[in-house]
Amino acid sequence: MELANVLYEKEGDIAIVTVNRPKALNALNAETLADIEKAMDAAAADPEVKVVILTGAGRAFVAGADITFMQNMKPLEGRAFAMLGQAVFRKIETMEKPVIAAVNGFALGGGCELAMACDFRIASDAAKFGQPEVGLGITPGFGGTQRLPRLVGEGMAKELCYTADTIDANEALRIGLVNHVVPADELMTYVKNVAKRIASKGQLAVRACKKAINEGMQVDIDRAMGIEADIFGILFSTEEQKEGMTAFVEKRKPAFTGK
Ligand code: CAA
C-alpha cells in the first residue's frame, strides 16, 4: 500500500493508523484524506485486524483541514472538499470494526472532526481541541456542526464553534468530548490496552454494538429498540454466542473465533 502522509502498522490484531505530515501539523489536504481512507480500507479488509487506533505523528493529532490547500477555493470546490472529508470520516464512523482516536496533540477543526468520527476518544494531557473555523471566515466542514452538538450538547457546541476557543484535554473530558485523559508518554500504551480488551471479546458482538448504537442514535427510541432486538436476535445464530455462554457455564474463558 502506497501512502504518502499516513503510516499503517499492525501489532497483532490491532491496526495503528498514524497521520504523518508533521511539517504541517498533519493538516488534511486531499492526498492525506485519501491516505486515511486507504489505511481504513486496509484495516477493514484484513481479517486479522479487530480494532483500529487512529493517532497523529509529532505534536499534533491533526491541526485541521489544510488552510493553504483551501485558500483559493471557489464555492463548489469548497463544497466538494467538505463532501470528500465527510465521506472519509463517515466511512470511519460506519465501518464495522471499532476505531479509537488516540489524541496526542492539536485536534483542531478537521482534526477535532476526525476524532469525533471515531467511536471514542482518549486524549493525552497535551491534547487541545477546538473548532477555529470562524476565525478563518468559514464553518466546520467535515461534520463538526453535526457531530459536536450530538456529543457535547447544542449549547456547548455553539459556544465552541462561535468563539473558535481552544480547550485543553481536561475541559474536553469535562464536556464529554473525550473518555479519558492520560499522561502524554502513556497514551499509546493506555489506548492499546483498551483496544486489547475489546479485541479479547466476541468481535461479531462488538461490531453489532457499534451498529446498534450508530443506527439507534439516528431514529426514535421505539425504532431504536427494534434495531437492538433484531441485532440481539441475530447474534444467537453465531458460534460466538454459543461459545461465550458455554464458556460461562463451564467456568472457563471463551475462545472466540469471530464466527
Ligand atoms: N493547514 C495548513 N498548515 C498548517 C495548519 C493547517 N490547518 N496548521 C498548522 N499548519 C502549519 C503552519 O502553517 C506551519 O507551517 P510552516 O512551518 O511552513 O510555517 C506548521 O504547520 C507549524 O505550525 P505553527 O508554526 O503555526 O505552530 P504553532 O505551534 O505556532 O501553532 C497551531 C500551532 C495553534 C495549531 C497553529 O498552527 C494553528 O492555529 N493552525 C491552524 C488551526 C486551524 O485553524 N485549523 C482549522 C482549519 S479549517 C478546517 O479544519 C475546516 C474544516 O472543518 C474542514
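Which polar side-chain atom lies 2.7 Å from an oxygen atom of the ligand? To find out, select the ligand and then Glu-133: a polar atom in the side chain of Glu-133 sits at that distance from a ligand oxygen. Keep in mind throughout that this is a predicted model.

**Stop 1: the ligand**

Stay with the ligand and add Glu-113 to the selection. An N or O atom in the side chain of Glu-113 is 2.6 Å from an oxygen atom of the ligand. Next, add Gly-141, where the contact comes from the backbone: one of its backbone N or O atoms is 3.0 Å from a ligand oxygen. On its own the ligand has 970 Å² of accessible area, and the protein covers 61% of it.

Now widen the selection to the shell around the ligand. It holds 23 residues, and the closest are Arg-59, Ala-65, Gly-110, Glu-113 and Glu-133. Colour the shell by residue type: 14 residues are nonpolar, four are polar and five are charged. To see which elements give two or more residues to this shell, select α2 (67–70), β6 (106–108) and α4 (110–117).

**Stop 2: a nonpolar patch**

Select Ile-67, Leu-136 and Ile-138 and show the surface. Together these residues form a nonpolar surface patch with about 260 Å² of accessible area. Then pick out Leu-136, which belongs to the loop between β8 (128–130) and α5 (144–152). Its relative accessible area is 47%, so Leu-136 counts as partly exposed.

**Stop 3: two positive phi angles**

Most residues other than glycine have a negative phi. Two residues here are worth selecting for their backbone angles.

Go first to Asn-26, in the loop between β2 (14–19) and α1 (30–45). Its phi is near 65°, a positive value, and the residue is not a glycine. Is Asn-26 buried or exposed? With 0% relative accessibility, Asn-26 is buried.

Then move to Ala-164, in the loop between α6 (154–163) and β9 (166–168). Ala-164 is another residue other than glycine with a positive phi, about 65°.

**Stop 4: salt bridges**

Side chains of opposite charge can pair when their charged atoms come close. How many salt bridges does the structure hold? There are 15 salt bridges, and the tour visits some of them.

Select Lys-10 and Asp-46. Their closest N and O atoms are 2.6 Å apart in a salt bridge. Lys-10 is in strand β1 (residues 6–11) and Asp-46 is in the loop between α1 and β3 (51–56), so this pair links distant parts of the chain, 36 residues apart. Lys-10 is partly exposed at 34% relative accessibility, whereas Asp-46 is buried at 17%. Add Glu-48 to the selection to see the network of salt bridges that links Lys-10, Asp-46 and Glu-48.

Next, select Lys-192 and Glu-11, whose side chains form a salt bridge with an N to O distance of 3.1 Å. Lys-192 is in helix α8 (residues 187–199) and Glu-11 is in strand β1, so the pair ties together parts 181 residues apart in sequence. Glu-11 is partly exposed, at 42% relative accessible area.

Finish at helix α3 (residues 75–94), where Arg-90 and Glu-93 lie three residues apart, or about one helical turn. Their side chains meet in a salt bridge of 2.7 Å, N to O. Arg-90 is partly exposed, with 42% relative accessibility, while Glu-93 is buried, with 17% relative accessible area.

Terms used: Residues are numbered from 1 along each chain as its sequence is written. This is a predicted model: local features need pLDDT of at least 70, side-chain atom pairs count only at pLDDT 80 or more; totals for chains, interfaces and linings use all residues. Side-chain values use heavy atoms; hydrogens and water are left out. A residue is near a molecule or strand if one of its heavy atoms lies within 4 Å of it. A polar contact is a pair of N or O atoms within 3.5 Å; within protein, one must be able to donate a hydrogen and the other to accept it, and residues adjacent in sequence count only if both atoms are side-chain atoms. Accessible areas come from the Shrake-Rupley method with a 1.4 Å probe; for residues, only the protein chains shown count as cover. Helices (H or I, at least four residues) and strands (E, at least two) are DSSP runs, numbered from the N terminus. Ala, Val, Leu, Ile, Met, Phe, Trp, Tyr, Cys and Pro count as nonpolar, Asp, Glu, Lys and Arg as charged, and the others, Gly among them, as polar. Patches are made of residues with over 30% relative accessible area and no salt bridge: like charges are joined within 9 Å, nonpolar side chains (Val, Leu, Ile, Met, Phe, Trp, Tyr) within 5 Å. A salt bridge is a side-chain nitrogen of Lys or Arg within 4 Å of a carboxyl oxygen of Asp or Glu. Buried means under 20% relative accessible area, exposed over 50%, partly exposed in between (1.4 Å probe, protein chains only).
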